Amino acid sequence: MSKLFKYNSKLVGVTFEGRQAVISTLKGDEPLRVRREADNEYDPNAVAVDVKVGEEMLPIGYIAKDKNLEIAKSLDAGIPVEIKLASLTGGNGKSFGVNIELQYNQAPAVAKPTPAKKAAA
């Protein structure tokens, strides 16, 4: 049986690439999704978070590096990760922040290949 992870966290990277403009329009009940970015030049375990605004999914941040390894493994194994917006912070001249709730099952451990036995001469 796999371990269930469930916790709250704050997204990182919310002040880059126009994400503050998107976050400033959120009401708090918008659907979120997690998306793997295995080709991310800064972090091979990168997990982006997008929000649905109208018919579009727009990026609003990332799961922090110290929390994304197990999420990345689960996503790579095809295990769904549930995510929802817990709260929005900031405004009134301060940068907006996004707090999320995550829930997912741990990916199964990958079996290590056993070395082939040498044939007796």
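Reader: Which residue in β6 is the bridge partner of Asn8?

Author: In this predicted model, Glu101 in β6 is the bridge partner of Asn8, and in that strand Asn99 takes the corresponding place for Lys10.

Reader: What makes β1 and β6 a pair of strands?

Author: Two strands count as paired if DSSP finds at least two bridges between them; β1 and β6, the latter covering residues 94-105, are joined in the antiparallel sense over seven bridges, so the criterion of at least two is met.

Reader: How do you know that β5 and β6 pair, and what connects them?

Author: Nine bridges join β5 to β6, so the requirement of at least two bridges is satisfied here as well, and the two strands run antiparallel; Leu85, for instance, stands opposite Ile100 in β6. The two strands form a hairpin with two residues between them, and Asn92 in the turn has a positive phi of about 50°.

Reader: Why are β1 and β5 said to stand at the edges?

Author: The three strands form an open sheet in the order β1-β6-β5, with antiparallel pairing. Because β1 (4-10) and β5 (81-91) each have a single partner strand, one side of each is left without a neighbour in the sheet. Neighbouring strands of this sheet are turned by 10° against each other on average, direction ignored.

Reader: Which strands does helix α2 touch, and what counts as contact?

Author: Contact requires heavy atoms within 4.5 Å, and helix α2 (residues 68-76), which packs on the sheet, touches β1, β5 and β6. The direction of α2 makes about 55° with that of β6.

Methods:
Residues numbered from 1 in each chain as written. Predicted model: local features only at pLDDT ≥ 70, side-chain atom pairs only at ≥ 80, totals over all residues. Heavy atoms only, no water. Helix = DSSP H or I, 4+ residues; strand = E, 2+ residues; numbered from the N terminus. Axes fitted to C-alpha atoms, helices over the stretch in contact; angles between N-to-C directions.
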